Amino acid sequence: MQFSYEVLRGGAQLDINFQILDSNDKIVVSDARKANNRHDVNPMLTGDYKICLDNSFSAFSNKVVYFDYRSLRDADRLVRHRSGNLYESEEEDDGSTVLDMKIVELKSLLHHIKENFRSAIYTQGVFRHIEYKDRKTAERNFDLVNRASLVNSVAILVTGFAQVFLIRFFFSGRPSKGKGLKVGL
């Protein structure tokens, strides 16, 4: 089986703990505080395997994680499809009659279409992941620009009011003794 993961957003550091456990709860694969990785695991035991994505070390931040799982059969089928050897492990039919040859051709065509659909679905998932990541980056940048603009606008207004106050103070005449500043905007 193939398993890959990537932390998309959350917290100051984009890292998680990752483990794959076999059916006897023994650790097969373990990653500590990584942002992304890919593992190819050959199952030695039959039964259910557990995949654990752990963010327990981060007490305050939630994380968004993209992950992809493929069984060895699906991965092997995709490799054979991309290399053009779709029937490498299947038995060959001699096709003694024309009808048998047409059925074999139709089976071949349908199998090829099915593999193309699987490949397209996988590729769309990858593109969806990339689009999600880029959209979150754009939204985060948009928020940062808006906050920086608000801070700059407030700074400009405060500076403007301070300048008006100082100019009025300097050109309003001398303050009389004992009164201090004249405040008359």
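**Exercise 1. Find the sense in which strands β2 and β3 pair, and count their bridges.**

Solution.
- Strand β2 covers residues 16-21, and strand β3 covers residues 27-34.
- The two pair in the antiparallel sense, over five bridges. Strands are DSSP runs of E, at least two residues long, numbered from the N terminus. Two strands pair if DSSP finds at least two bridges between them.
- Opposite Gln19 stands Ser30 in β3.
- Five residues sit between the strands of this hairpin. Asp25 takes a positive phi there, near 60 degrees.

The model is predicted: local features need pLDDT of at least 70, side-chain atom pairs count only at pLDDT 80 or more, and totals for chains, interfaces and linings use all residues. Residues are numbered from 1 along each chain as its sequence is written, and side-chain values use heavy atoms, with hydrogens and water left out.

**Exercise 2. Give the strand order of the three-stranded open sheet, then name its edge strands.**

Solution.
- The order is β4-β1-β6, with antiparallel pairing.
- The edges are β4 (36-40) and β6 (64-70), each of which pairs on one side only.
- From one strand to the next, the twist averages 10 degrees. The axes are lines fitted to C-alpha atoms, and angles run from 0 to 180 degrees between N-to-C directions.
- Strand β1 (residues 2-9) and β4 run antiparallel and are joined by five bridges.
- In that pair, Ser4 stands opposite Arg38 of β4.

**Exercise 3. Describe the surroundings of Asp68: which residues does it touch, and which side chain shares a polar contact with it?**

Solution.
- Place it first: Asp68 lies in strand β6.
- Asp68 is buried, meaning under 20% relative accessible area with a 1.4 Å probe, protein chains only.
- Asp68 has no salt bridge. That would take a side-chain nitrogen of Lys or Arg within 4 Å of a carboxyl oxygen of Asp or Glu.
- The nearest side chain of opposite charge is Arg70, 4.0 Å away. Lys and Arg count as positive, Asp and Glu as negative; His and the chain ends are not counted.
- A polar contact of 3.5 Å joins the side chains of Asp68 and Tyr122. The term covers a pair of N or O atoms within 3.5 Å, one able to donate a hydrogen and the other to accept it.
- Leaving out residues up to four places away in sequence, Asp68 touches Gln2, Phe3, Ser4 and Tyr122. Contact means heavy atoms within 4.5 Å.

**Exercise 4. Summarise the whole chain: how many helices and strands does it have?**

Solution.
- The chain has two helices and six strands. Helices are DSSP runs of H or I, at least four residues long.
- Along the sequence the pattern is β-β-β-β-β-β-α-α.
- Of the 185 residues, 21% count as buried.
- Among contacts with a separation of 6 or more, 62% come from residues 24 or more positions apart.

Key. Buried < 20%, exposed > 50% of the residue type's maximum accessible area, 1.4 Å probe, protein only.
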